[in-house]
Amino acid sequence: MAHHWTQNDISDMSGKLAVVTGGSGGLGLATATGLAGAGAEVVLAGRDPERLRIAAERIHDRHPGAPVRGERLDLASLASVADFAGRLADQGRPLDLLVNNAAVLYIPRRTLTEDGFELTMATNHLGHFALTGRLVPLLLRAPAPRVVTVCSLTAKVPALDLADLMSERNYRPLTAYAKSKMAVLLFALELQRRATRALTSVAVNPGSASTGLYRHSPAPVRGLGHRLDRLLGRSTQDAASVILYGATSSDVVPGGFYAASGLLGRRGTPRPAPLPKAARDHALARDLWLKSEALTGVRPSFPARSLTV
Ligand SMILES: NC(=O)c1ccc[n+]([C@@H]2O[C@H](COP(=O)([O-])OP(=O)(O)OC[C@H]3O[C@@H](n4cnc5c(N)ncnc54)[C@H](OP(=O)(O)O)[C@@H]3O)[C@@H](O)[C@H]2O)c1
């Protein structure tokens, strides 16, 4: 049962390979630490080799000898995503768990990536879409593969306008973040519909935690964010429990959405959470998937028997 689940309940992950994007800090590092403690081999994926090295060192301090390593991945670059997936494919290990966790919040001015995408949507959604698609062959070689996608409370806010995915019309930093988080939620649900029994895809909302997420925000927004998080939130380790629950619990259902049980999904133990209305729109999810395929050039494919769409 989801009630009273804590990190002490993590099932044995020995022999399993996990990739955690944004594993260099915040909730990603806390998630990776939990997975390593349960025996998983963990790849921390992030942009900065030094931050990755320090993160791996911190995990080794807690879990000496744990098979944890950093690998360079810039989700805002389709070439970097392809490189990362290629290196993992060369290593040839089946991938048991992919945690799509990394994100940027509050890019003050609309910024384009080298691929011509708005940076928030590129990092939070399109990079993860391309990464997941490229890793599908490795995932399908694992006995019970799982993809966990980290969403946010703000996924409740906007209706996603696919005609303005890149926020060309009226760029607002927080709206761009909220749009990207709705996109990743729609992606996680559509992934399950497309993969059917070939893998398990779950979405999680970890709730508030005072991490580095506000680092790009202007000082007043950063201060307000941290104050709100301190008031409503809990420790990074507690917030990571929701991600770890989605990643390891045998109680999760394919296509499920999980959040903390308390006020506004910001505190408490993990439990199934109601989907925001816009996330129940299957046509929107399908159209976003097709648009993401066209933009990234990555077309995730699943065994024909697993397709029902
Ligand atoms: N903290 C909260 O209150 C809260 C609430 C709801 C949801 N969430 C969600 O939780 C997840 C983790 O956030 P957090 O709070 O842990 O934030 P964080 O401390 O800022 O961590 C974000 C991670 O994403 C990585 N990242 C950023 N851009 C990247 C890129 N282009 N390529 C690869 N990695 C990149 C960062 O790594 P480098 O900078 O080292 O590359 C960092 O490790 C996010 O999906 C966020 O939306 C957080």
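Contact here means heavy atoms within 4.5 Å. The views below show a predicted model, in which local features need pLDDT of at least 70, side-chain atom pairs count only at pLDDT 80 or more, and totals for chains, interfaces and linings use all residues. Residues are numbered from 1 along each chain as its sequence is written, and side-chain values use heavy atoms, with hydrogens and water left out.

**View 1. Leu160 and its partners in the largest nonpolar core.** Setting aside residues up to four places away in sequence, Leu160 touches Met121, Leu165, Lys179, Met182, Ala183, Leu186, Leu284 and Leu288. A nonpolar core is a set of buried Ala, Val, Leu, Ile, Met, Phe, Trp, Tyr and Cys residues joined through side-chain atoms within 4.5 Å. Buried means under 20% relative accessible area, exposed over 50%, and partly exposed in between (1.4 Å probe, protein chains only). The largest such core has 54 residues, and Phe84, Leu95, Leu135 and Leu160 have the most contacts inside it. At least two of its residues come from each of strand 1 (17-21), strand 2 (41-46), helix 3 (78-91), helix 4 (119-139), helix 5 (173-195), strand 7 (257-260) and helix 8 (282-296). Helices (H or I, at least four residues) and strands (E, at least two) are DSSP runs, numbered from the N terminus. Look elsewhere for a second, separate core of 36 residues, which includes Ala38, Ala66, Ala247 and Val252.

**View 2. The ligand and its shell.** Here 30 residues surround the ligand, the closest being Leu27, Arg51, Asn101, Tyr177 and Thr211; a residue is near the ligand if one of its heavy atoms lies within 4 Å of it. The shell divides into 13 nonpolar, eleven polar and six charged residues. In this split, Ala, Val, Leu, Ile, Met, Phe, Trp, Tyr, Cys and Pro count as nonpolar, Asp, Glu, Lys and Arg as charged, and the others, Gly among them, as polar.

**View 3. Polar atoms around the ligand.** One ligand oxygen is 2.6 Å from a polar backbone atom of Asn101, and a ligand oxygen lies 3.4 Å from a backbone N or O atom of Ala103. On the side-chain front, an N or O atom of Asp74 is 2.9 Å from a ligand nitrogen. The protein covers 96% of the 890 Å² of accessible area that the ligand has on its own (Shrake-Rupley method, 1.4 Å probe; for residues, only the protein chains shown count as cover). Helix 1 (26-37) and helix 5 are the elements that give two or more residues to the shell.

**View 4. Ser241 meets Gln7.** Ser241 lies in helix 7 and is buried, because its relative accessibility is 11%. Although 234 residues separate Ser241 and Gln7 in sequence, their C-alpha atoms are 6.1 Å apart. Their side chains are joined by a polar contact of 3.0 Å (a pair of N or O atoms within 3.5 Å; within protein, one must be able to donate a hydrogen and the other to accept it, and residues adjacent in sequence count only if both atoms are side-chain atoms). Beyond four places in sequence, Ser241 is in contact with Trp5, Gln7 and Pro270.

**View 5. Thr248 in helix 7.** Thr248 belongs to helix 7 (residues 236-248). Its relative accessible area is 7%, so Thr248 counts as buried. Apart from neighbours within four places in sequence, Thr248 is in contact with Trp5, Ile10, Ser11, Met13, Leu35 and Arg146.
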